[in-house]
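I opened a fresh page for this chain today. Below are my jottings, in the order I looked things up.

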Amino acid sequence: MLGTYQTYRDHFFSQYPDLYQSIINQNSEFITNQSTYALNQYDTIIETIIFSLQSILASNIIDIIKTQLNFLKILPCIIPANLIANLSSSQYHCYQTITNYLGKRDTSHYPYFFITGSAGNGKSFMIHAFLEYFQRIHRNYLLMASTGIAALNVDEQVWNTLSQKLSETIQLPQPNTTLNTTHIVGYRETAELINRIICASIPTHEDKILISESIDIVDGQIYSSNSRNCDFANNTNLTNTIRIQPEARVMFLNNSQYKHGIANGAIINTSFTKYTHNFYLNGSPASRTQYPIQNAFALTVHKTQGLTIPDVSLNLNNQIFEYGQAYVALSRCTKWEHVKIQSLDRNAFIINQSMINEYERLESKSRQPLPLNN
């Protein structure tokens, strides 16, 4: 039945080109309609927020808020019903292999699959496609990701591209996108400094600024040690100090509002209340009470992991201290033209040789037939 074709899909669509084109057109129309619907929903939310602020904020501040909210638009991944027609040959092979063979190990199923590929070839899209498929057929699955394998060295071509971006950032005039840009750095202290500088530069009446100090308790007593921030940092991600004001972009730090669609790591502009995190410090019961947010004009690489950020400014310097951090920082933004590089050091791209070896082993394994008869 294959004839001279590599797949049944290719053979089928070659026999029915009009049907194939019709499916492609239907998928394109579906994606367009769903994208338009999502954008309209987002615009409705923005307009509701802006309307509620008109009586309490100046028009120039409202314009800044609206610009920020529009800049944060992220469309959901839209999976058409006739997905197969839109997949590339490699995506089709991946989809067919996993949907047909994933399962408890026996003569026709295998429980583990590793999805890999170069940047931009649709790995994230395929993951969403698999999630939609498994949820539709009510099949259990466990999705895992290893960012350690991204700790690979850059070749000369990539390095030249990064160097060119650095030169453009430094030498060419840059539009003022301070409030829309997320600065990604290695050290928390650097992020805190940048956040303080940007917050202080935002025109705001003094009575609209709140500096919230955490309430720290150890063994029933207020804890006021000079080292309390270091002591507490290992036990809670709540900050000891947070500056809250109009236009101060913040990130949510826990899942206490998950039922409202706000999860740990969400960059938000909404109302919230203080939260108490209980833990033990040196064997004694302790707690910190604070708003579960942190300023988010600047974030550490660790905090940005897993986020998609529309506009970033990167410091790839000696503050990058862990395997894969440079890659994580570079891969947060979806458009290269929205990436700025403020500093660049080749030592920031730290190689984990054991992960390179494992990556090569997995690639070699992927070229072998599935061990279904073992």
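**Entry 1: the whole chain**

I started with burial: of the 374 residues of the chain, 36% count as buried (under 20% relative accessible area; exposed is over 50% and partly exposed in between, with a 1.4 Å probe and protein chains only). I note that this is a predicted model, where local features need pLDDT of at least 70 and side-chain atom pairs pLDDT 80 or more, while totals for chains, interfaces and linings use all residues. Residues are numbered from 1 along each chain as its sequence is written, and side-chain values use heavy atoms, with hydrogens and water left out.

Next I looked up the elements and found 11 helices and 13 strands; these are DSSP runs numbered from the N terminus, helices being H or I with at least four residues and strands E with at least two. The chain exposes about 22,700 Å², and 52% of that comes from carbon and sulfur atoms (Shrake-Rupley method, 1.4 Å probe; for residues, only the protein chains shown count as cover). I also checked contacts (heavy atoms within 4.5 Å): among those between residues at least 6 apart in sequence, 72% join residues at least 24 apart.

**Entry 2: helix α2**

How far apart are the end C-alpha atoms of α2? I found 54 Å, which agrees with the 54 Å expected for the 37 residues of this helix (residues 17-53) at 1.5 Å a residue; the expected span is 1.5 Å times one less than the number of residues. Its buried residues include Ile23, Ile24, Asn27 and Leu53. Leu19, also in α2, counts as partly exposed because its relative accessibility is 37%.

Leu19 joins Phe12 and Tyr16 in a nonpolar surface patch with about 290 Å² of accessible area together. Patches take residues with over 30% relative accessible area and no salt bridge, joining nonpolar side chains (Val, Leu, Ile, Met, Phe, Trp, Tyr) within 5 Å and like charges within 9 Å. A salt bridge here is a side-chain nitrogen of Lys or Arg within 4 Å of a carboxyl oxygen of Asp or Glu.

**Entry 3: a hairpin and positive phi**

I then followed β8 (residues 275-281) to β9 (residues 284-290): the two run antiparallel, joined by seven bridges. Strands pair if DSSP finds at least two bridges between them. Leu281 has Ser284 in β9 as its bridge partner. Two residues separate the strands of this hairpin, and Asn282 in the turn has a positive phi of about 55°.

Most residues other than glycine have a negative phi. So I noted His138, with phi near 60°, in the loop between α5 and α6; His138 is exposed at 72%.
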